[in-house]
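Open the model in your viewer and keep the selection tool ready. The tour goes stop by stop, with something to select at each one.

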Amino acid sequence: MIREKLKVSTQTLQWKCVESRVDSKRLYYGRFIMSPLMKGQADTIGIAMRRILLGEIEGTCITRAKSEKIPHEYSTIIGIQESIHEILMNLKEVVLRSNLYGTRDASICFKGPGYVTAQDIILPPSVEVIDNTQHIANLTEPINLCIELEIDRKRGYRIKTLNNIQDGSYTIDAVFMPVRNANHSIHSYVNGNEKQEILVLEIWTNGSLTPKEALYEASRNLIDLFIPFLHAEEENLNFENNQHKITLPLFTFHDRLHFL
């Protein structure tokens, strides 16, 4: 019995991709399992990985559009079927893949008539469009549509600020989240006299990252968060020394009531 317990506890944890598919250019799916885990570990890892996948993975978006011919965001231009607001919403839906850091410039310069799609965006070398068919505008007359764009790479959401009407520059709501959704489930089983668990993690992405790449990025980010604890030295944790003591704010009884 002792040998069996020792054998189970020394098994190496392993990730494995059990399903991978491409539903569309902007929807990738992957299912992964991790085992063997002790009771309770699967939930701990699953919750942490889901939070990192949905909140810490960086993505690339168009964040600003500029055109001197645009009087205001809700205006219309003769020869363009969509309003400026609709064009900005279409630009928000463009999915990009890049490894850039900082803001980069891009542009659209199209002569109508014809359909303007994501394929017509002139991008810097480090950026690529995932779905070239993404619709942007329909030019019904032989006019020129020239728009200057800004591209940025960040994480989470960025809500647009007040537009600067003077220079025709408009910020665009940005969703820097390549992972559309992530779920985890737990399957328990008995191995000898021990109850063990298998963690199942499902990941959906927008195509700018594969689920496997997203899992790698999430794992690396999670490890990076704990590196400072691994490098902490014992002398830096000596709270008996006055110079290392931390002064905590004092709370009155009235202050405590706000936390209840």
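Which element gives the most to the lining of the largest pocket? Keep that in mind while you load a predicted model and take in the whole chain.

**Overview**

Colour by secondary structure. The protein has five helices and 15 strands. Of its 260 residues, 35% are buried. Now think about contacts between residues at least 6 apart in sequence: 70% of them join residues at least 24 apart.

**Stop 1: the largest pocket**

Select α4, residues 211–230. That helix answers the opening question: α4 gives five residues to the lining of the largest pocket, the most of any element. Add β3 (59–66), β4 and β8 (127–129), which with α4 are the elements that give two or more residues to this lining. The space inside is about 450 Å³.

Next, show the residues nearest the centre. From a lining of 22 residues, these are Ser98, Asn99, Arg153, Leu209 and Glu217. Colour the lining by class and you should find eight charged, seven polar and seven nonpolar residues.

**Stop 2: Ser98**

Stay in the largest pocket and zoom in on Ser98, one of the residues nearest its centre. Ser98 belongs to strand β4, residues 96–98. Is Ser98 buried or exposed? Its relative accessibility is 8%, so Ser98 counts as buried, the cut-off being under 20%.

Draw a distance from the Ser98 side chain to the Thr60 side chain. The two make a polar contact at 2.7 Å. Then show what else touches Ser98. Beyond neighbours within four places in sequence, the contacts are Thr60, Ser126, Val127 and Arg153. Arg153 is also among the residues nearest the pocket centre.

**Stop 3: the second largest pocket**

Select Lys92, Val95, Val175, Met177 and Asn206. They are the closest to the centre of the second largest pocket, out of 17 lining residues. About 320 Å³ of space lies here.

Which elements each supply at least two residues of this lining? They are β3, β13 (174–176) and β14 (179–191). β3 gives the most, with three residues. You have already met β3 at the largest pocket, where it gives two or more residues to the lining. By class, the second lining holds nine nonpolar, four polar and four charged residues.

**Stop 4: two cysteines**

Show the sulfur atoms of Cys109 and Cys146. How many disulfides does a search of the whole structure find? Zero. For Cys109, the nearest cysteine sulfur is that of Cys146, 3.1 Å away, and Cys109 is in no disulfide. Cys146 is likewise in no disulfide. The pair does not count because a disulfide needs sulfur atoms within 2.5 Å.

Switch to a surface view. Cys109 is exposed, with a relative accessible area of 56%. Cys146 is partly exposed, at 40%.

**Stop 5: two cis peptide bonds**

Select Ser35 and Pro36. The peptide bond joining them is cis, with omega about -10 degrees. Pro36 sits in strand β2, residues 27–38.

Then move to Gly112 and Pro113. A cis peptide bond joins this pair too, with omega about 0 degrees. Where does Pro113 lie? Look in the loop between β5 (104–111) and β6 (114–117).

Note on methods
Residues numbered from 1 in each chain as written. Predicted model: local features only at pLDDT ≥ 70, side-chain atom pairs only at ≥ 80, totals over all residues. Heavy atoms only, no water. Helix = DSSP H or I, 4+ residues; strand = E, 2+ residues; numbered from the N terminus. Buried < 20%, exposed > 50% of the residue type's maximum accessible area, 1.4 Å probe, protein only. Polar contact = N/O pair within 3.5 Å; in protein donor to acceptor, adjacent residues only side chain to side chain. Contact = heavy atoms within 4.5 Å. 1 Å grid on protein atoms, 1.4 Å probe; cavity = no way out; pocket = protein on both sides within 12 Å on 5 of 7 lines; lining within 4 Å. Points joined across faces, edges and corners; volume = space filled by probe spheres on them. Nonpolar A, V, L, I, M, F, W, Y, C, P; charged D, E, K, R; others polar.
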